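I opened a fresh notebook page for this one. I'll go through it step by step, and you are welcome to look along.

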Amino acid sequence: MKNRKKITIFIITSLFIQTLVFPIIVHGTSLTETVNTEENSENQDFQIPESDIFNNNLDEKQSNDPNFTLHLGQQLIPMMEVFPLAITVDQKVEEFHIEIPLGISLVESELATDIFVEKLTSSKWLIKSPEGQAAFVLPIRAEKDGIFEIAIDDETITFQVDEHTSTSVDDSINNEEKKHPESIEESSRDNDSFTESVAPYVENGIQDVANWEEFIQAFVNPDVSKINIVNDFETPDNPRLNLMGVTAGATSNVSGTERFVYLNVANISRTLVVEGNGHQIDFRSITLCFYPTTAQQNNPWNITLRNLEIYHGNWYGPLTYNDLGSTHQPLSTLTYENITNVGSQLIHSPTAKVRLAGKVSSNQVTTYTSKFRTWNVMGSGQTNIQVSKLTVLENADIELSTVSDGNIDLGRSSPTNSPGEFIMESGSSLTATANGSGGEADGLNLLVVSGNVMISDSATLKLTPQDGRSAISLRSTNASLDIGKDSTVSILSSRRTSSGNSNITNLVWMAAGSALNISDGGTLNIDATGQGSSTSNIVHVNGAAKVSVGKDATLDIKSDSTAQAQSLLYFANANSTFTFSDAKRVNLQRTGILSGTSTTNGLINIAGSNGLLDIDVQSVEQWARGNFNDIPTYSWKPIFNLSLRYTGVVSRIDSVDSISQGVADSFNDNFSTQNVQRILFEKISDVDVTIDPLTSNRSEINSYTITGRATPNSVIQFTGDPAIPQGNIDSPVVSENEKYHTLSDENGDYSYRLPVGYYFTAGNEVIAYAFLNGKYDSARTIVEERVGNPFPVDPLDPEIEVDPENKPELPEDQGLLSIDFASSFNFGTQSISLQEQTYYAQPQRLLNEDGTVNEEEARPNYIQISDRRSENERNGWELAVTQKEQFKGEENQELVGARLSLLNQQLVTVQGGTAPGLQTVPSSLVPGNRRTLLKAQGNEGTGTWIYRFGDGDSAGESVALNVPKGANPEATTYSTTLIWELSAVPDN
């Protein structure tokens with residue numbers, strides 16, 4: 001039997017007891033102030049809340065409530081002149097409330113002596129007549145020009161104030177309507193007379209609106225940056241009533257028709273938010289339009305509609321920039337955020353920009369029912385969005401559907417220097433369903449006349465096209481469809497029985513020079529069902545194109561057409577390339593029975609004689625024509641460095657590699673995309689490899705042995721240190737002359753030992769290269785220069801080396817089984833107590849780089865143990881501790897009955913393996929008695945282990961010293977010595 005190896009370390013543990021101190025006790029007093037509520041109430045000035053003053057809800061009026069009528073001699077009154085407002089009542093009243101807007105003042109000095117007034121708020125007045133009367137005259141003065149409204153209950157009167165108007169002016173507003181019908185050209189002359197309108201009650205740029213008239217007044221007021229909708233409302237029968245000075249266009253509102261109201265106030269374009277607060281606006285037949293005169297180039301229209309439910313029947317949408325012209329429309333932006341749109345299309349502004357945010361839906365119908373009425377929509381063949389640039393903002397959720405038309409039409413009229421584009425930002429989602437047949441945007445879900453489509457990372461686009469129509473059509477030369485990392489584009493088409501190929505019939509149509517890029521982890525999924533004998537290709541490129549599928553990406557195209565003439569991928573030019581490497585899945589599949597016996601059909605068709613299919617590192621499966629089973633006709637794994645050239649549907653292999661010559665030969669003899677039912681390329685699992693740290697310390701096993709983990713059954717090759725000889729394992733690739741050093745086992749572990757007498761050199765970089773099935777990976781490590789024991793590590797993060805305070809003196813010849821560090825327990829300075837007390841050792845502290853103590857961070861007290869012995873040299877170990885004697889003072893006085901306890905014992909490592917066993921939890925020490933704390937058996941406890949007392953939360957309460965009553969401590973320093981023993985278990 002071998003001798004038992006023992007390592008002994010002495011640690012001094014101390015407790016300092018100071019002279020008895022009497023603490024100062026501070027008493028707190030709670031003061032309570034008593035208030036005489038009765039006395040206070042006598043002198044209190046009560047302010048009645050506005051909600052209490054105006055609590056007579058109109059819906060709750062009784063049948064005997066008075067009815068008011070307001071009279072004004074003319075609707076256009078001069079500014080700064082006193083003018084009488086006559087009020088008649090159908091019964092005598094003693095008081096009533098009236099709302100007079102800001103800008104109109106009530107001239108109290110000219111009131112009749114029997115009328116008294118009291119101003120309640122900035123716009124609300126209380127009118128009193130003690131005797132009661134049925135007629136009142138209130139003198140008012142207009143202090144600014146604009147359009148104003150005075151109201152009593154639900155009775156209102158609206159009038160215009162003009163600083164240039166004399167008292168002889170007649171009812172010009174009514175005449176104005178007669179002079180200017182709703183044609184665009186004539187109505188625009190309204191702007192000559194009225195160039196400004198001031199909406200009332202604007203505070204901090206925010207305007208509350210509760211009806212259409214207030215809505216328009218806020219729109220034309222340049223001081224308003226936010227329109228705050230406070231009530232549901234609809235457009236009136238005359239949408240320009242009381243708005244003649246600031247609008248032009250329609251004066252009627254008819255179901256099933258289109259009507260347009262134009263803003264014509266100069267220079268009012270700006271950034272404007274319409275906050276709907278969840279309310280509903282029924283636009284009926286009205287579209288709100290903008291004349292060019294409203295726009296400013298340096299401050300264009302940038303409108304956000306937010307949190308709003310919209311109903312409308314006009315085929316231009318509830319709002320359009322269409323009339324802004326070629327200068328101002330491309331500068332304008334409209335943002336829909338959390339919008340529900342029901343009726344006709346969402347927007348027609350061909351050269352403008354639109355952004356969609358939050359949750360937006362636009363579902364077209366022929367007839368809708370709002371909170372106010374049922375209404376017929378004008379036209380059903382309208383695309384949902386026709387603009388130049390459309391951006392779906394980050395994490396937005398969009399839903400679009402139509403009656404009989406397409407969904408998105410982009411770049412049709414875009415400026416030549418600013419092509420259209422469709423961008424879906426990260427995490428966004430858009431679902432579009434095109435119903436019916438034909439209509440605007442040629443009935444297509446996504447028509448990009450000019451520009452590109454960019455689906456950003458983790459976005460999702462789901463398209464359901466019309467029967468017989470395209471889902472995506474990119475019509476400009478050199479356009480691109482980019483599907484970002486981990487994003488998904490899905491096209492589900494049913495009953496597409498059309499034949500022929502055009503920019504409206506192929507599910508994806510791309511102009512010459514186009515590119516289809518599926519980034520790493522991205523997906524393009526096309527499922528065409530119910531196609532009958534359709535000959536229309538699924539993806540059709542009208543010229544040369546580049547198609548690429550990234551790492552872990554998916555391209556899945558399926559068609560159930562029975563026509564032989566249909567191809568899943570068609571390129572009309574020989575300069576086209578289709579390339580992918582390490583893709584997750586590329587599936588090209590005909591799911592229907594192909595008619596006839598001709599063999600001229602092909603899943604891929606590249607015109608000319610030089611089209612390229614370039615593939616690397618995939619497994620390949622092929623189903624012969626008529627094979628609809630799950631089991632393929634041929635299966636090849638792995639295939640890499642594959643290059644195929646196409647002449648129409650005929651492919652020829654330029655080059656191909658595999659692990660074995662047999663696989664390569666079988667592929668050469670049988671692979672084709674012509675006259676087959678299905679081709680499936682799938683990902684070969686990645687290869688991973690790690691390498692464990694190496695050292696130049698020849699007393700350690702990793703100075704001459706390389707260990708680590710790799711994908712099971714992969715071959716491993718090492719380079720980087722002159723001590724590494726050439727390998728002697730042949731490459732699994734038959735055409736390769738490389739030599740390898742070792743193989744990983746079924747669990748992924750590998751080990752390689754240098755020839756006897758060879759060791760690694762400090763500073764050299766050793767590289768491990770792993771290869772399997774055409775996939776590879778590498779890992780590297782720098783050989784460390786180590787003398788003696790391993791450095792202490794952080795007990796909370798053992799991957800990090802640290803410099804602890806109060807490091808013990810350790811033997812330098814411990815070898816491969818070592819105590820690397822042990823904490824000294826310091827119980828600090830305590831007050832003398834005649835009662836039983838428990839004191840806790842201070843946590844372990846670390847040193848900064850300059851050697852000073854880090855006062856801000858503390859760690860649990862701990863012991864660090866390393867077992868670096870080779871497998872055939874180890875047989876377990878034990879850790880024990882002995883408290884040499886009882887705590888004693890400087891003059892040898894004993895702390896009678898004191899007991900030291902190790903609490904919250906924990907074991908951690910970052911190197912894996914099986915932990916040694918805790919022998920006593922918790923553990924109280926008896927002076928003079930040896931206590932075994934840890935025991936590792938066999939291969940337990942290999943590597944470096946941290947035996948700590950507590951964690952980050954309990955570090956300060958895990959090493960306890962109990963001093964009983966009667967110990968009679970004195971003012972001195974008490975200490976004892978702990979003897980730590982690490983013993984190697986002897987072999988039998």
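**Entry 1: a small start.** I began with an open sheet of three strands, whose order is β13-β14-β17 and whose pairing is mixed. I looked up its edges and found β13 (247–249) and β17 (286–290), each of which pairs on one side only. I then checked the turn between neighbouring strands of this sheet, and the average is 30 degrees, direction ignored. A reminder to myself: strands of a sheet pair through backbone hydrogen bonds, either parallel or antiparallel.

In which sense do β14 and β17 pair? I found the parallel sense, with five bridges between β17 and β14, which covers residues 259–263. To have one pair to point at, I noted that L263 has F290 in β17 as its bridge partner.

What lies across these strands? I found helix α6, residues 212–219, lying across β13, β14 and β17. Its direction makes an angle of about 15 degrees with β17.

**Entry 2: stepping back.** I should say that I am reading a predicted model. I looked up the make-up of the protein chain next: it holds eight helices and 73 strands. The chain has 988 residues, and 50% of them count as buried. Its accessible surface is about 43,600 Å², and carbon and sulfur atoms account for 44% of that.

I also looked at how contacts span the sequence. Taking contacts between residues at least 6 apart in sequence, I found that 75% join residues at least 24 apart.

**Entry 3: β2, β4 and β7.** I moved to strand β4, residues 82–99, and asked what it pairs with. Strand β2 (residues 68–72) runs antiparallel to β4, and five bridges join the two. One place to see this is H71, which stands opposite A86 in β4.

How many bridges join β4 to β7? I counted 13, again with an antiparallel run, and β7 takes in residues 124–142. Here V82 has R141 in β7 as its bridge partner.

**Entry 4: one serine.** I stayed with β7 and picked out S129, which lies in that strand. Is S129 buried or exposed? Its relative accessibility is 2%, so S129 counts as buried; the cut-off for buried is under 20%.

Which residues does S129 touch, leaving out those up to four places away in sequence? I listed V93, E94, D114 and F136. For E94 I also looked up the separation: its C-alpha atom is 4.8 Å from that of S129, although the two residues are 35 apart along the chain.

**Entry 5: a covered strand.** Strand β59 (residues 817–822) caught my eye next. It is mostly covered, and six of its six residues are buried. I traced its pairing to β64, which runs antiparallel to β59 and is joined to it by five bridges. Within this pair, I819 stands opposite I865 in β64.

**Entry 6: the largest pocket.** My last look-up was the largest pocket, with a volume of about 1,700 Å³. It is lined by 45 residues, and the closest to its centre are D692, P693, T707, Q911 and G943.

Which strands each supply at least two residues of the lining? I wrote down β51 (705–709), β56 (749–753), β64 (861–867) and β71 (943–949). I had met β64 before, as the antiparallel partner of β59, and here it turns up in the pocket lining. I closed the page there.

Definitions and conventions
Residues are numbered from 1 along each chain as its sequence is written. This is a predicted model: local features need pLDDT of at least 70, side-chain atom pairs count only at pLDDT 80 or more; totals for chains, interfaces and linings use all residues. Side-chain values use heavy atoms; hydrogens and water are left out. Helices (H or I, at least four residues) and strands (E, at least two) are DSSP runs, numbered from the N terminus. Buried means under 20% relative accessible area, exposed over 50%, partly exposed in between (1.4 Å probe, protein chains only). Contact means heavy atoms within 4.5 Å. Accessible areas come from the Shrake-Rupley method with a 1.4 Å probe; for residues, only the protein chains shown count as cover. Two strands pair if DSSP finds at least two bridges between them. Axes are lines fitted to C-alpha atoms, for helices over the stretch in contact, and angles run from 0 to 180 degrees between N-to-C directions. On a 1 Å grid over the protein atoms alone, a cavity is a set of points where a 1.4 Å probe fits but cannot get out, and a pocket is an open set with protein on both sides within 12 Å along at least five of seven lines; lining residues have an atom within 4 Å of a point. Grid points are joined across faces, edges and corners, and a volume is the space filled by probe spheres set on the points.
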